[in-house]
Amino acid sequence: MRCPFCGVFDSKVVDSRHSEDGSSIRRRRECNACQRRFTTYEIVESLPIIVVKRDGTRQSFDRNKILNSMVRAFDKRQVDVADLDRITTEIEQTIQNTLEREVSTDKLGEMVMERLKPLDEVAYIRFASVYRRFQDVSGFIHEINQFLEKK
């Protein structure tokens, strides 16, 4: 790290502390040449995720859209919002860990359904009905039969 006072690259870390939210580390450094102290911050670089919609358009990933879609599926059902937030975080982390910068809405929908199935059967079917765009009762019956076969 270059000293902001004398420009020398040789410095040592004197103190390190995590930020309150845990997203960065604050480091106090001392320049080995001029002995002046300065502060640096270290953060994790996260690359933006692009969602490719069914019509081919692209937009930035928005975790709130996933969370809101699950909240709608749980309308008038008992659910701990912390569980839905955990699921949303798991999905976001899974995508970040693949190191792929683009993800399709189809893949996102499958990831949500995979996590809703063990949590609540009715919410799973509700989400599937919107995600898979059921046009009639036969779509519901087919999805329910598949669900029961895998159970």
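**Warm-up.** The crossing of helix 4 and helix 5 is right-handed; a crossing gets that label if the near helix is turned clockwise from the far one by less than a right angle, and left-handed if anticlockwise. Keep in mind that this is a predicted model, where local features need pLDDT of at least 70, side-chain atom pairs count only at pLDDT 80 or more, and totals for chains, interfaces and linings use all residues. Residues are numbered from 1 along each chain as its sequence is written, and side-chain values use heavy atoms, leaving out hydrogens and water.

**Exercise 1.** Work out how helix 4 and helix 5 pack.

*Solution.*
- Step 1: find the helices, which are DSSP runs of H or I with at least four residues, numbered from the N terminus (strands are E, at least two). Helix 5 covers residues 137-150.
- Step 2: get the geometry. The angle is about 135 degrees and the axes lie 11 Å apart; axes are lines fitted to C-alpha atoms over the stretch in contact, and angles run from 0 to 180 degrees between N-to-C directions.
- Step 3: name it. That angle makes helix 4 oblique to helix 5 (under 35 degrees is roughly parallel, over 145 roughly antiparallel, 65 to 115 roughly perpendicular, the rest oblique).
- Step 4: list who touches whom, with contact meaning heavy atoms within 4.5 Å. Glu-121, Tyr-124, Ile-125, Ala-128 and Ser-129 of helix 4 meet Phe-140, Glu-143, Ile-144 and Phe-147 of helix 5.

**Exercise 2.** Now do the same for helix 3 and helix 4.

*Solution.*
- Step 1: these two pack at about 165 degrees, with axes 9 Å apart.
- Step 2: so helix 3 is roughly antiparallel to helix 4.
- Step 3: helix 3 passes helix 4 in a left-handed crossing.
- Step 4: on the helix 3 side, the contact includes Thr-105, Gly-109 and Met-113, while Phe-127 and Tyr-131 are among those on helix 4.

**Exercise 3.** Describe the largest pocket and say which helix gives the most to its lining.

*Solution.*
- Step 1: take the volume, which is about 720 Å³.
- Step 2: look at the lining. There are 23 residues, and Lys-65, Ser-69, Arg-72, Thr-105 and Phe-127 lie nearest the centre.
- Step 3: see where they come from. Strand 5 (58-60), helix 1 (63-73), helix 3 (105-116) and helix 4 (121-131) each supply at least two, and helix 1 gives the most, with six.

Technical notes:
1 Å grid on protein atoms, 1.4 Å probe; cavity = no way out; pocket = protein on both sides within 12 Å on 5 of 7 lines; lining within 4 Å. Points joined across faces, edges and corners; volume = space filled by probe spheres on them.
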